[in-house]
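Below are my notes on this entry, set out as numbered points. Please read them with the structure open.

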Amino acid sequence: MRSAGLRHPDEHFMARALQLAELGLYTTAPNPRVGCVLVRDGEIVGEGWHRRAGEAHAEILALEDAGSRARGATAYVTLEPCAHQGRTGPCAEALIAAGVARLVVGMEDPNPAVSGRGITRCREAGIEVTIGVGEAQARRLNPGFISRMSRGRPYVRLKMAMSLDGRSAMASGESQWITGDQARREVQRLRARSGAVISGVESLVQDDSRLTVREEESGLAPEQIVAQPLRVVVDSRLRMPLAASMLREAGRTLIFTRSSDDPKRTNLEAVGAEVLVQPLSEQEEESAARSGVARVDLVAMIEHLARIEQCNEVLVETGASLAGAMFKAQLVDELVLFVAPTLMGSFARPLLDLELTAMDEQQRLVIDDIRAIGKDWRIIARPVSGDD
């Protein structure tokens with residue numbers, strides 16, 4: 001018998017549901033990660049977790065696991081059960097039909113079009129509903145899905161590596177490798193959980209990065225790598241080399257540009273790239289005529305990745321220029337910084353191009369986690385918000 005131990009039973013069983021949901025960390029996108037536990041008389045009688053889009057939801061798998069023992073049970077679900085017909089049937093109706101007596105929900109569905117409907121349907125059917133048990137942990141499981149549903153944009157992580165003196169590359173642009181093998185494995189796993197990986201063309205010209213998830217380096221099982229993340233290149237003037245290694249990799253490469261050079265576009269598309277030309281406004285055309293270049297609209301790019309590509313989480317791996325531009329545009333939700341125990345000197349390149357001149361221009365951060373990763377250190381931080 002699996003019992004609740006010393007914690008409140010609701011917290012104990014929701015913790016198990018959260019553990020199950022985390023098993024879908026790399027596989028469920030664009031759907032959320034969800035876990036479900038069915039409990040009767042203090043004992044777990046059924047478990048399930050959503051594995052990937054198009055397959056059964058966590059509640060359905062838990063009901064199948066429980067069978068007839070689901071009648072009169074309490075269902076612990078990390079995210080509100082759906083009440084609409086999608087690629088699978090509505091989970092709220094399945095819980096009702098199975099005779100579940102009580103429902104404990106970690107958090108409401110953040111999709112404004114459906115939020116609350118599953119809870120309301122269960123209550124209408126006589127099921128007792130409790131909301132908010134383990135909500136903070138449930139929200140941490142799905143930052144991208146929550147962001148895409150509530151803000152219309154993915155959750156953006158900026159990954160960077162630096163020396164102890166704050167340098168990210170030598171003056172020549174050489175940057176491989178600042179950090180060690182274990183840090184690079186962590187980066188592979190960040191890629192694996194992301195719908196897209198973004199880089200600037202300058203970084204690709206310098207390093208010829210593939211931006212792929214490699215099973216042997218990530219340490220993930222083959223079934224955890226459902227597909228390669230979309231590779232996104234910010235390339236205002238279409239300087240992407242036709243011989244770039246990423247264009248020979250499995251998966252898609254999408255280039256955002258402001259260039260109307262049709263021959264370059266045709267050549268890139270011939271070798272497998274997808275090129276999206278952002279139109280220029282009259283003001284941007286005038287500015288481009290003076291400066292010779294129009295920058296990619298980063299906000300529009302990020303919104304496109306949510307709306308069209310259905311990306312929940314996005315990883316930015318790039319140099320100081322684009323990294324600084326993402327910060328200036330307030331598009332970075334989380335900074336994942338790997339710090340190596342080395343010094344690169346004053347001629348080496350800085351971490352970010354921010355061009356701050358006064359102390360009151362500082363970009364304050366909240367540090368959420370610091371830990372050793374092999375010989376390096378990993379810092380997870382986020383920009384200060386009104387809640388901090």
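1. In this predicted model, the hairpin of S15 and S16 leaves 2 residues between its strands, and Gly 374 there has a positive phi near 65 degrees. The two strands of the hairpin, S15 and S16, pair in the antiparallel sense, with 8 bridges between them. Within that pairing, Asp 369 stands opposite Ile 380 in S16.

2. Strand S16, residues 376–383, also pairs with strand S13, residues 334–340; the two run antiparallel and are joined by 5 bridges. On this side, the residue opposite Phe 338 is Arg 378 in S16.

3. Which residues make the nonpolar surface patch of about 330 Å²? Ile 367, Ile 370 and Trp 377 make it. Of these, Ile 370 belongs to strand S15, which covers residues 365–373.

4. Is Ile 370 buried, exposed or partly exposed? Its relative accessible area is 48%. Partly exposed covers the range between 20% and 50%, so Ile 370 is classed as partly exposed.

5. A separate point concerns Gly 126, which sits in the loop that connects helix H4 (117–124) to strand S5 (128–131). Gly 126 has a relative accessibility of 61%. Exposed means over 50%, and Gly 126 therefore counts as exposed.

6. How far apart are the C-alpha atoms of Gly 126 and Glu 47? The separation is 23 Å, for two residues that lie 79 residues apart along the chain.

Technical notes: Residues are numbered from 1 along each chain as its sequence is written. This is a predicted model: local features need pLDDT of at least 70, side-chain atom pairs count only at pLDDT 80 or more; totals for chains, interfaces and linings use all residues. Side-chain values use heavy atoms; hydrogens and water are left out. Patches are made of residues with over 30% relative accessible area and no salt bridge: like charges are joined within 9 Å, nonpolar side chains (Val, Leu, Ile, Met, Phe, Trp, Tyr) within 5 Å. Accessible areas come from the Shrake-Rupley method with a 1.4 Å probe; for residues, only the protein chains shown count as cover. A salt bridge is a side-chain nitrogen of Lys or Arg within 4 Å of a carboxyl oxygen of Asp or Glu. Helices (H or I, at least four residues) and strands (E, at least two) are DSSP runs, numbered from the N terminus. Buried means under 20% relative accessible area, exposed over 50%, partly exposed in between (1.4 Å probe, protein chains only). Two strands pair if DSSP finds at least two bridges between them.
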